[in-house]
Amino acid sequence: MRIQLPYAGIVLLVGPSNSGKSTWLKQLIEDETIRPSEVVSSDDYRKLVGDVEHIDWKGHPPDEADTLYEAYQDISTEAFALMTSLIEARARLNKLTIIDATHLYASDRKTYIELARRLHQPIYALVLDVEQHTLLERDQQRDFPRGGRRVKQQVQVFNREKRSMKREGFDQVHVIANVDEVDLTRQMNNR
Ligand code: ATP
């Protein structure tokens, strides 16, 4: 599968936890297809604003788990606000920005589709469609597992939304089962 990224604009990665979004972007940075500064990651921004990438609320009594979950939501809200402001600045400067977050809900994607439209920039979705059993296996190997229940919930949302994504207003939507089969290039000038 051949995909050409636009010279400038917004590229959303879409996929549940463990679908390999960050791993793929790391590879693309290593082989110099993209620059580190072109990637904006929600995990990085959670660390920047809240000192943590992930808060593990599983295994805590319900009251404590609720408090931890709320703290995580607050950190996420601030992280996404900062990210959006950076993405908008980069779009105004005619830069390419690739956003590394799950983007499972139409409302999350709509924010960026509207931003791209307003700034007359292209917007693509690269959708990582990996089997649930693989996502769960990878989760168990991770340093900070997201937890089977959470991954399964994400897969449910993802499968429900997958078909309608093509009609949301993206300039291109690519559904990718295996990133090793993707030949990713980029447009080198603003044609
Ligand atoms: P999250 O949304 O939770 O940040 P993600 O989609 O960015 O997840 P990664 O952080 O890239 O996923 O990967 C999660 C785990 O899955 C890591 O332990 C990584 O090594 C493993 N992994 C990712 N891609 C692959 C792959 N293609 N083959 C095998 N393991 C992989």
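Helix 3 is followed by Asn94, whose phi is positive, near 65°. Let us start there and work through some exercises together.

This is a predicted model, in which local features need pLDDT of at least 70 and side-chain atom pairs count only at pLDDT 80 or more, while totals for chains, interfaces and linings use all residues. Residues are numbered from 1 along each chain as its sequence is written, and side-chain values use heavy atoms, with hydrogens and water left out.

**Exercise 1. Place Asn94 and classify its accessibility.**

Step 1: Asn94 sits in the loop between helix 3 and strand 4. Helices (H or I, at least four residues) and strands (E, at least two) are DSSP runs, numbered from the N terminus.

Step 2: The positive phi belongs to a residue other than glycine.

Step 3: The relative accessibility of Asn94 is 29%, so this residue counts as partly exposed. The classes are buried for under 20% relative accessible area, exposed for over 50%, and partly exposed in between (1.4 Å probe, protein chains only).

**Exercise 2. Compare the expected span of helix 3 with the distance between its end C-alpha atoms, then find what its buried residues pack against.**

Step 1: Helix 3 covers residues 62–92, which makes 31 residues. The expected span of a helix is 1.5 Å times one less than its number of residues.

Step 2: That rule gives 45 Å for helix 3, and the end C-alpha atoms are 45 Å apart, so the two agree.

Step 3: Among the buried residues of helix 3 are Tyr72, Ile75, Ser76, Ala79 and Met83. A general point helps in reading such a list: an α-helix has 3.6 residues a turn, so residues three or four places apart point the same way.

Step 4: The partners of the buried residues are strand 2 (9–14), strand 3 (39–41), helix 2 (42–50), strand 4, helix 4 and helix 6 (148–162).

**Exercise 3. Describe the surroundings of the ligand.**

Step 1: The shell holds 13 residues, and the closest are Ser17, Lys21, Ser22, Thr23 and Arg142. A residue belongs here if one of its heavy atoms lies within 4 Å of the molecule.

Step 2: By type, the shell divides into 1 nonpolar, 7 polar and 5 charged residues. Here Ala, Val, Leu, Ile, Met, Phe, Trp, Tyr, Cys and Pro count as nonpolar, Asp, Glu, Lys and Arg as charged, and the others, Gly among them, as polar.

Step 3: Helix 1 (residues 21–30) supplies the largest share of the shell, 3 residues.

Step 4: Now look at the oxygen atoms of the ligand. One is 3.0 Å from a polar backbone atom of Gly20. Polar side-chain atoms also approach ligand oxygen: one of Ser22 at 2.9 Å and one of Asp43 at 3.1 Å.

Step 5: On its own the ligand has 630 Å² of accessible area, and the protein covers 70% of that. The areas come from the Shrake-Rupley method with a 1.4 Å probe.

**Exercise 4. Decide whether His103 is buried or exposed, and list its contacts.**

Step 1: His103 lies in the loop between strand 4 (96–100) and helix 4 (106–118).

Step 2: With a relative accessible area of 2%, His103 is buried.

Step 3: Its side chain reaches the backbone oxygen of Ala101 at 3.2 Å. This is a polar contact (a pair of N or O atoms within 3.5 Å; within protein, one must be able to donate a hydrogen and the other to accept it, and residues adjacent in sequence count only if both atoms are side-chain atoms).

Step 4: Setting aside neighbours within four places in sequence, His103 is in contact (heavy atoms within 4.5 Å) with Leu12, Leu13, Val14, Asp108, Arg109 and Tyr112.

**Exercise 5. Find which residues, beyond four places in sequence, are in contact with Thr97.**

Step 1: Thr97 belongs to strand 4, and its relative accessible area of 0% makes it buried.

Step 2: Leaving aside neighbours within four places, the contacts of Thr97 are Gly9, Ile10, Val11, Glu38, Val40, Ile87 and Arg90.

**Exercise 6. Relate Met1 to residues far along the chain.**

Step 1: Met1 lies in the segment before strand 1 (2–5) and is partly exposed at 48% relative accessibility.

Step 2: Met1 and Val179 are 178 residues apart along the chain, yet their C-alpha atoms are separated by 9.2 Å.

Step 3: Beyond four places in sequence, Met1 is in contact with Val175, Ile176, Glu181, Val182 and Asp183.
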